[in-house]
Each structure stands twice: as structure tokens, then as C-alpha cells.
Number of protein chains: 2
Amino acid sequence: MSGTAAAAVSEVGTPGNMGDVRRSNLALVLGKVVQSAAGVHLTRAQIAAGTGLTKASVSSIVLDLLDAGIIREVGLSRQGERGRPGVGLELNPSRGVMGMEINVDYISAGVTRLSGDLVVHEIQERDNRDSSDAAVMSALAELTAGVRGAAAAKDVEVLGGGLAVPGLVEAGSSMVTVAPNLGWVNTKLDVNRLLPGVPLGVSLFNEANAAALAELAHGPQELRDFLFVSGEVGVGGGLVIGSELFTGPEGNAGEVGHIVVDPAGTPCSCGGTGCLETIAGQDAIFAAAGIEAKARSRSESMSDLLAALAAGSPSALLAVQRAGASLGVAVASTSRVVNVRAVVLGGHFAVLDQWLRGPLLESLAKYAPGLLSPEDVSASTVGEAGALLGAAGSVVRALVEAPYRLQA
Amino acid sequence: MSGTAAAAVSEVGTPGNMGDVRRSNLALVLGKVVQSAAGVHLTRAQIAAGTGLTKASVSSIVLDLLDAGIIREVGLSRQGERGRPGVGLELNPSRGVMGMEINVDYISAGVTRLSGDLVVHEIQERDNRDSSDAAVMSALAELTAGVRGAAAAKDVEVLGGGLAVPGLVEAGSSMVTVAPNLGWVNTKLDVNRLLPGVPLGVSLFNEANAAALAELAHGPQELRDFLFVSGEVGVGGGLVIGSELFTGPEGNAGEVGHIVVDPAGTPCSCGGTGCLETIAGQDAIFAAAGIEAKARSRSESMSDLLAALAAGSPSALLAVQRAGASLGVAVASTSRVVNVRAVVLGGHFAVLDQWLRGPLLESLAKYAPGLLSPEDVSASTVGEAGALLGAAGSVVRALVEAPYRLQA
DNA sequence: CTATATAGTTCAAGCTATAAACTAAGTCGC
DNA sequence: GCGACTTAGTTTATAGCTTGAACTATATAG
């Protein structure tokens, strides 16, 4: 978990009162508990020293957090230290959140504890292309009910959930503006139906954004500003700046799939010309490599591509090489515009890392010399469950930043 | 002035206390005073109604602001309204800030009141290319001393200042990382020397960023998210998102001059290839138009270009057309990455607006259809003094968001 | 068993916002 | 010209929160 607890006050533009101070410090203390390394349990005194709050304030705040069931006390084993031993604090392991994902050919659900570790995880193959959104949601509701039961059996109560979908979303209104590969347009999802009765409700996320947040939470500590590039049928992206998802004024920032990488290129499904997606999207790579895109299972086509690459197929190698070079152009421009200096490759870009990497780095050296070095380009560490973990992690993070939502 | 007062609390990660609430509400109240339209003076009661604070709190806060000399009371003339008349409040017109600019062929300084209107303004032609930074700073210090005196004669006391330079800056350490057209590299400026004894000190800004902020403050109200593209010898940019300058993790976001617009293009001074600057920078346009770039005065070359365009010179028209088209590619990609939907053209792009506009819009329609419509592309309204006004405005804005810095 | 050291709690004090009562200063109606 | 009314701003009592100091609790060292 990354959990940078912010001294958040009430909405900008509204008066502040003493309750805001309490809420801010509540988040500050909880943030310390979250930050503590796995297995290390901070005491009230250590939190006081670490935050600058007095012991009195910390005690009072910890009491609130215990009452809310967010944290719990845990005995501490010390050896040979003088003085009264402190009482360790940790996130309540019997509270968790549900991460869910709807993708083109599967739905999945899993429960993580507040600490981020996965307790239950189920994937169900399902062709969602020709289903109505209602049918997909029904299937997912059934899946989550089972997963929720399995978590309960392991003594983990689900407080809320996050759903990731491969499309642009309006988080506030649970609206999927457009999900090309699902065929959804302005589709309003009744997300709360997936987890009836949970105190924190269910939030909606873009898949690439969720995967980026998973990378933030589960990847290396020092990774706080990066561009996550997700290669699927389309090419998505998530921009993390200062450990925060940067969504831009309309919520769709980081959509690198439609950066212009070849002004003289071919038309894109978005109506534009020469977009990255027309060269580095899965369909584009398969087509250029001479591999039949199998509607039934993309993973089959991907296996074919990997086999062709391993066999040294010139067309396959060229296709991937061209994708890598174009990705480099897009990343170079992005790093200029938003001034990030790290890139994480996800989806098929992670799978194809060993072939993509060379051309990508060459391209970066040519178009943005000195900005990104080889060690700034990494492949995603979270893998397939990324979107799910990110969606769940986001919900946890929102709770950590506003723990008072669970009080009373 | 835009002045969106934020409910800002102390640094993230530090404990909040009641003083933070005070500071937050201080900024909230002052923000209301700033927002009020020119000539309209809000009363305490109106501020209470507008912010949600009680009259008692507003009275107490207003007293602090009066004591600090940031605002003052002003008699209100009403006609035929019942009840006790309120006392109007306005920004203290006898307090101001200094905006300063160092550019390639001039230095300038001006003082604005806290309300944003320019009281004194002086430009001094000076070729800074071959001067040491110390010599330039000495010349500027002399200029500011005179301007400060002139402002004092008009009863405006200078509280602080902002200096804009055409290069990348580290605001915190007053360091100019690189200013290619001045020949400066890692140059530390003793900015406080420019305004000895002012309570708020002097801050350093990138020129394009400052111009963008001036556009935010002095341009249309609804302009809150936009890309400002500044055409000078180089091509700079400033990104405003949610009425805030977005600088990215390393402070240099919005540098659209080095977006790749032609992967098969020519080398750029940055070491890259096919950057926007190689096609749309002043030198590139002059060269393509067959106009001699005069070292002594760029404005002369610009006059020649305008004359050539007016005379219908094919090479000049083609040069500008190509610049516009490339600008379109860069803007299209930027709007994808950061999801902004408005562009403001500054510098020579504003001057060449009538010739650039067509190719730019065509290019946008081709590469980012539906994202930006013609009315989303505008030319800068602030003109030459933009950088200076923006630097000054930033200082004012920082004060409005943290007025307690002037207390005691 | 006493001295010491550290953890955590209790309690008075200070600051801030709130709500209600109160004072101030106008207009309206007769 | 005087009282009723209306709105602005101040005063006062109250509650919430952090702070700092005093105090209690619980361990180790000798």
C-alpha cells in the first residue's frame, strides 16, 4: 500500500471548522498505520513521534479508529527493552473491499483486506461483446455474491467495492461514456447492486487507470510519477503524478492510445489519423504480423504471435518493432507534456517486453534524448489481476483518506 | 483576477490544528473579496451568506485582514434599501506587487495593485544574449528601483514580486536550469536583490507559464483548463488545469515545443528529432519563408514576415501553414494526454493568428476529431505584458491563498 | 525491592467556529 | 417627526479539538 495520508479538509470553498481538523488528523494517523511495513506494528507513541501530534491527540484519534473497526490492537513481543511496552496497531484484517472487473472476454471479482492482500479471487470466462450491460451486470452480481460469501467464510467483511471497465467512465454518476470493445455507449451501471448493503458503496474505474493505481500500490516504493501504458485490443493509459491518479479536467487524461505518432498514418477508430493504437494495438500488431485475430480468444492469437516471434518470423518481428518505436514516440511526447520520467508497460506490452524494449528505447533516445533512461522503463509487476487490485486499492485508499465515512 | 480561494490547510503530512482552520477561512473570506467584480464591494453579511460562515466568524476574520492591510473598508452608496447599510470591503488599493521580465532583447518591470490593474510599467530594450546574468540582474535592479519609486509616488506599496524568464526554472531555489536563448545554464539568480525589504520576497517563473497565468487572470471567466502555447524563438507552453498551473512532477510540464510532430523530421536543438519547435519556432518559420533572421531585432524580422504574408508570398504562406498544421498535431496529442479542451495562442502565434488558424483547425479536425471546436482555439488577450502580469498575478494569488503570511 | 524508563491517560487551558441575543443604523408609513 | 420594521455587525455563551503537563501503568536493570 502506498497510502499518503493527506491533511484533507472539507471541500474547497466551504468553511472550515474544528471537525475538519479532526478529520484531517484522523487520516494522518491512519495513514501512518497504513504506511508501516507489513508485520511492523506501530504504537501510539511512535505515531505521535512520527506525525508531530501529541500523545493525547493520537490516543483520542486511535480510539475513534478502533471504534470504527478500521484498525485493531495487537500484542507486541519485545525483548530486553525498558519501560512500559506499547500496544501495536494494524489495519483490521477482518475488513476488506471487493475489486471487480468486466472485460471483453471475462468477468472477475476478488476481495482484498485493507492491507491489500488478496483473500479470494475468481475469474469467469464470458464473452461480453454480444451481451447487454444488464446481462453482464447480472452475471457479475452472481459472481460477487459467491466471492463475498467466500470472504466471509475467511472472516473478511466487505466494506465497499470498485469495478474496472475497459472504457471511459464518469466516476461520479457510474456512467460508462464509451467502451468500444464492449459496444457500450453512455451506459449507466447500477453498480451498487453488485454489493448490497456495504457502507462504502461501489465505485467505477477505467481499467487502465485502475491498473496504474495497482502498479502504484504494489510496485516499487519510489515509483510515484509515471505513465502506465496498457496494451489491450485498444491502447489505454493511466497517469500517476505525485502518487495521485491524474485524470485531467474531464476525467480522461492519459489516453495515450490516440496520440498522433504518424501524421501520415492510417485512420483510427476514433476518427483521427495515425494514432498510436493504429500501430501498437493488438489488432494492428496481429494484422501486421499476419496472424488471424481470433474473435473467440485473444489469448490464442497472442500465443500464436509469441510462437511466431520465437520462431523468428520477420513479419511478426517487424510488427512488434514498429509498435515499440511508435510507443517510443508517444512516450517521448507525453514525457514532455506532463514531465513524467517513468513508464510502466502493461497488458500485451508487458508480455512483449523483451521484443518491444529495444525499439522503444531507441525511439526514446531519438525523440527525447536524456529524458528517460532504460531503467525508467519497466514492465508491470501486477499482471492480470492489476485492474481488479487497483480498483480495490482505490477504494481502500479513499477510505484511508476519509476514515470518518465509516464512523457512526 | 480569478482567485479561487482554497480551503488550504498546513502541509500535507503534518498535524492539523485550529490555526489551520483559521488560515483556511482567512483565505476563503479573502477569496470572496477578490472574486467580487470590479467596483462591487461585498459586505461582511454578504460574505457570510456566500461562504457559509457565520457573521461572527466573518467579522473576526475581516478584522485580521484589515489589520494586515490586505483589505480596507469603503463607504457604500445605496438607494432606497431598508435596514442598516453594510460596509463595503475591497482589496487595499495602496498595496501592490511587482512583475518583472527578462527576455532576449529587453527587460521590463511593472507594478500592479492587488486587484490586478497595472499602475506603472516600463520596458527597457537591452540585448541580453551576450551579457552575464549578473549584468542583466544589475540592470533590472536599477529598473525596478525606479518603478518602485514611481509606484510609491502613486501611493502603492510593493509587497513582493515575480520575475519571468524564458527558460526552465526551479522556483524553490531561484535557479534557471536552462535558458537556451539567453545562454544560461544552471544559473542561480539572487532574485531578492531586486526588491530589498519586501515582506513577500521575489519568486521566479517560466515565461510561458507566467503568460498562461495572465491569460487565466485576465482572460474570459470560463477559461479554467487550457493549454497556452507561446511562440517565441523557441516554442514554450503553459498548462492550466482547474485554474491551477500544472507543472508536473519536475516542474516542466506543458513544454509542447518538443512534442514530436514529425518522426521523420529534422534534428532539434534539444537533441531530439521532429519537434514542434523545428517547424513552428520563429527561426524555423523565418528560414522557411526565406526571411533573414535579424539578430538585432526580431520584431523587424516579424514585420518582414507579416509584409510578405500580406503580399501573398508563397514561401511565407507555406511556412506559416506548415507551422499551423504542426501545431495542430501537437495540440491534438496534448489534448489527449491531459484532456484539456481549449488552447490559447501567444507570442508570434497570436500575431500570426489569421494565417495560422485555418491550417491549425484543419489539423485538429484530422487528428483529434470532435475534441476541439473552432471556438476552443483563441488568441491571447493580454499581449506583450503577459509574462509580467502573470508573474505579478501569481504572487498576488499566493498571498490570497495564504494571507496569514502578511500578519504580525 | 527500588530506581528508571517508556507508554498511554487525564485534565486544565487556549483557540476557533457557532448560535443566539443584542446593538447600530438605516427606510417606511403615518 | 416618531414608532415600526429591516438589515448589518458585535457580543456572549457554548462546544469541539489540540496542546502540554501531570499522572498512572508496566516493563527492565541492578
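1. Shared surface. In this predicted model, 100% of the interface residues of chain A are also interface residues in chain B, so the copies meet through the same surface. The contact involves 54 residues of chain A and 54 residues of chain B.

2. Symmetry. A turn of 180 degrees with a shift of 0.1 Å along the axis lays chain A on chain B, and the RMSD is 0.1 Å. The two copies are therefore related as by a two-fold rotation axis.

3. Buried area. Chain A and chain B bury about 4200 Å² between them, and carbon and sulfur atoms give 64% of this area. On the side of chain A, the residues that lose the most area to chain B are R336(A), V337(A) and N339(A), which together account for 16% of what that side buries.

4. Polar and charged links between the chains. There are two salt bridges between chain A and chain B. In one salt bridge, R341(A) pairs with E250(B), with the closest N and O atoms 3.2 Å apart. Between chain A and chain B, 18 residue pairs are in polar contact, counting pairs with both residues at pLDDT 80 or more.

5. Elements on the side of chain A that touches chain B. At least two residues each come from α1 (18–35), β12 (235–241), α9 (314–338) and α11 (353–367) of chain A. Of these, α9(A) gives the most, with seven residues. By residue type, the side of chain A that touches chain B has 27 nonpolar, 20 polar and seven charged residues.

6. Surroundings of DNA strand C. The strand is surrounded by 29 residues, and the closest are K55(A), S59(A), R84(A), V87(A) and R22(B). The surface near DNA strand C is made up of ten nonpolar, eleven polar and eight charged residues.

7. Elements near the DNA. Chain A supplies at least two residues from each of α2 (44–51) and α3 (55–67), and chain B does so from each of α1 (18–35) and α3 (55–67). The most residues come from α1(B), which gives four to the surface near DNA strand C.

8. Backbone or bases? Among the atoms of DNA strand C within 4 Å of the protein, 71% belong to sugar or phosphate, and the rest belong to bases. Phosphate oxygens of DNA strand C lie 2.9 Å from a backbone N or O atom of A45(A) and 3.3 Å from a side-chain N or O atom of S57(B). At R84(A), a backbone N or O atom is 2.8 Å from a base oxygen of DNA strand C.

Methods: Residues numbered from 1 in each chain as written. Chains lettered and ligands numbered in written order. Predicted model: local features only at pLDDT ≥ 70, side-chain atom pairs only at ≥ 80, totals over all residues. Heavy atoms only, no water. Contact = heavy atoms within 4.5 Å. Buried area = accessible area lost by both parts, 1.4 Å probe. Salt bridge = Lys/Arg side-chain N within 4 Å of Asp/Glu carboxyl O. Polar contact = N/O pair within 3.5 Å; in protein donor to acceptor, adjacent residues only side chain to side chain. Nonpolar A, V, L, I, M, F, W, Y, C, P; charged D, E, K, R; others polar. Least-squares fit on C-alpha atoms with pLDDT ≥ 70 in both. Near = heavy atom within 4 Å.
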